[in-house]
Amino acid sequence: MKLSHKFVKNIPDTLENGVVYVSVDYSTAIHKCCCGCGSEIVTPLSPTDWKLSFDGETISLYPSIGNWSLPCQSHYWITNNEVEWAPKWTKKQIERGKTEDERSKEKYYGKKKRRSIFEFFKK
């Protein structure tokens with residue numbers, strides 16, 4: 001499956017199928033799920049989330065995109081504007097991946113508990 005990409009300041013209200021929107025200002029890429037379910041997939045760009053590469057013509061996101069919280073549970077890479085389907089993960093693999101993600105964040109950000117934005121408004 002071939003995708004296109006658009007660099008934007010703000011993410012549009014309505015997303016087109018097959019387009020990855022990249023906001024450098026907000027360190028975010030977003031697209032509709034490549035399985036066709038219509039879900040919006042947000043991939044934050046950060047040292048502990050996804051990395052984006054742009055070669056002047058195409059984009060790639062790393063690591064793979066695993067939509068574990070969606071009914072489709074689709075799993076794929078976006079490499080040079082192409083979707084590369086990955087094998088479906090088991091529940092055990094999903095849990096292991098989530099644990100590894102959390103460890104990566106703790107290692108990068110330290111042991112400090114990261115606060116939700118909503119905690120700032122509780123006072």
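## Close-ups of a predicted model

At 5% relative accessibility, Cys33 counts as buried, and we'll come back to this cysteine in the fourth view. Keep in mind throughout that this is a predicted model.

**View 1. The whole chain, element by element.** Let's start with the overall layout: the protein has 1 helix and 8 strands. Walk along from the N terminus and you meet the elements in the order β-β-β-β-β-β-β-β-α. Of the 123 residues in the protein, 32% are buried.

**View 2. The mixed sheet, strands 1 to 4.** Here 4 strands line up as an open sheet, ordered 1-2-3-4, and their pairing is mixed. Strand 1 (4–7) and strand 4 (40–44) sit at the edges with a single partner strand each, so one side of each has no neighbour in the sheet. On average, neighbouring strands of this sheet are turned by 20° against each other, direction ignored. Zoom in on strand 1 and strand 2 (residues 19–23): these two pair in the parallel sense over 4 bridges. Which residue of strand 2 does Phe7 stand opposite? Its counterpart there is Val22.

**View 3. The antiparallel sheet, strands 5 to 8.** This one is also an open sheet of 4 strands, in the order 5-6-7-8, and the pairing is antiparallel. Its edge strands are strand 5 and strand 8 (82–85), each of which pairs on one side only. Neighbouring strands of this sheet are turned by 25° against each other on average, direction ignored. In strand 6 (residues 59–66) and strand 7 (residues 75–79), look for 3 bridges in the antiparallel sense. Ile65 faces Tyr76 of strand 7 across the pair.

**View 4. Two cysteines, no bond.** So what about Cys33? Its closest cysteine sulfur belongs to Cys35, 3.6 Å away, and that's too far for a bond. A disulfide would need the two sulfur atoms within 2.5 Å. Cys33 is buried at 5% relative accessibility, whereas Cys35 is partly exposed at 37%. Searching the whole structure turns up 0 disulfides.

**View 5. Lys2 reaches Glu82.** How many salt bridges are counted in this model? The count comes to 4, and Lys2 with Glu82 is one pair, the closest N and O atoms being 3.7 Å apart. Lys2 is in the segment before strand 1 and Glu82 is in strand 8, so this pair ties together parts that are 80 residues apart in sequence. Lys2 is exposed, with 55% relative accessible area, while Glu82 is partly exposed at 32%.

**View 6. Lys6 and Glu16.** Another salt bridge joins Lys6 to Glu16, with the closest N and O atoms 2.9 Å apart. Lys6 is in strand 1 and Glu16 is in the loop between strand 1 and strand 2, 10 residues apart. Both partners are partly exposed: Lys6 at 35% relative accessibility and Glu16 at 41%.

**View 7. Asp49 meets the helix.** The side chains of Asp49 and Lys105 form a salt bridge too, at 2.7 Å from N to O. Asp49 comes from the loop between strand 4 and strand 5, and Lys105 from helix 1 (residues 91–109), so to speak 56 residues apart. Buried or partly exposed: which is Lys105? Lys105 is buried, with a relative accessible area of 12%, and Asp49 is partly exposed at 24%.

**View 8. A nonpolar patch on the surface.** Phe7, Val24 and Phe54 make up this patch, with about 300 Å² of accessible area together. Phe54 belongs to strand 5 (residues 51–54) and is partly exposed, at 43% relative accessibility.

Notes: Residues numbered from 1 in each chain as written. Predicted model: local features only at pLDDT ≥ 70, side-chain atom pairs only at ≥ 80, totals over all residues. Heavy atoms only, no water. Patch = residues over 30% accessible without salt bridge, like charges linked within 9 Å, V, L, I, M, F, W, Y side chains within 5 Å. Areas by Shrake-Rupley, 256 points an atom, 1.4 Å probe, with all protein chains shown as cover. Buried < 20%, exposed > 50% of the residue type's maximum accessible area, 1.4 Å probe, protein only. Pairing = 2+ DSSP bridges. Axes fitted to C-alpha atoms, helices over the stretch in contact; angles between N-to-C directions.
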